[in-house]
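Good morning, colleagues. I should like to spend a few minutes on one model, beginning with its main pocket and ending with one of its helices.

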Amino acid sequence: MYSYAKTVPYHALYNIIIWPIFSYIYFLQVNPLEIWKEALILGTSWALITIIFDVFGWVIIKHPWRMTFKEMYIDYQPWITLIYISIFISPFIAVLFI
């Protein structure tokens, strides 16, 4: 668990690198007319889906690496919040490169 703890500060960083790449690919494929509105919808959707999957995958479903709600959403601060923010703003970052 110690090696995982050493990587925690980098979780938001790699999310802010990876998610904009996928946002960029998405925007190239769909070419929306209202790109900023689409970025808002995409960022909100991805953030909500990630939050829901995290609750089920890390808190509710029992497995060896399961966390309590406190461990996931209180003890993991500010990192979990930064991760969710990075996922939400990723489409907006991608729009800047279109």
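In what follows, Ala, Val, Leu, Ile, Met, Phe, Trp, Tyr, Cys and Pro count as nonpolar, Asp, Glu, Lys and Arg as charged, and the others, Gly among them, as polar. Please bear in mind that this is a predicted model.

Let me start with the largest pocket. Its volume is about 300 Å³, and 14 residues line it. Nearest the centre of the largest pocket lie Tyr4, His11, Trp58, Met72 and Tyr76. Helix H1 (2-30), helix H2 (35-60) and helix H4 (79-95) are the elements that give two or more residues to this lining. The most comes from H1, which supplies four residues. By character, the lining of the largest pocket consists of ten nonpolar residues, three polar and one charged.

I turn now to a single position in H1. Ser23 sits in that helix. Is Ser23 buried or exposed? Ser23 is buried, because its relative accessible area is 0%, and the cut-off for buried is under 20%. Beyond its neighbours within four places in sequence, Ser23 is in contact with Leu42, Trp46, Ser90, Pro91 and Ala94.

That leads us to H4. This helix has 17 residues and spans 25 Å from its first C-alpha to its last, close to the expected 24 Å. At Ile89, H4 bends by about 40°, and Pro91 follows within four residues. The buried residues of H4 include Ser90, Pro91 and Ala94, and these three are among the contacts of Ser23. Also buried in H4 are Ile80, Ile83, Tyr84, Ser86, Ile87 and Val95.

Definitions and conventions:
Residues numbered from 1 in each chain as written. Predicted model: local features only at pLDDT ≥ 70, side-chain atom pairs only at ≥ 80, totals over all residues. Heavy atoms only, no water. 1 Å grid on protein atoms, 1.4 Å probe; cavity = no way out; pocket = protein on both sides within 12 Å on 5 of 7 lines; lining within 4 Å. Points joined across faces, edges and corners; volume = space filled by probe spheres on them. Buried < 20%, exposed > 50% of the residue type's maximum accessible area, 1.4 Å probe, protein only. Contact = heavy atoms within 4.5 Å. Expected span 1.5 Å × (residues − 1). Bend = angle between axes of the 7 residues up to and from the residue.
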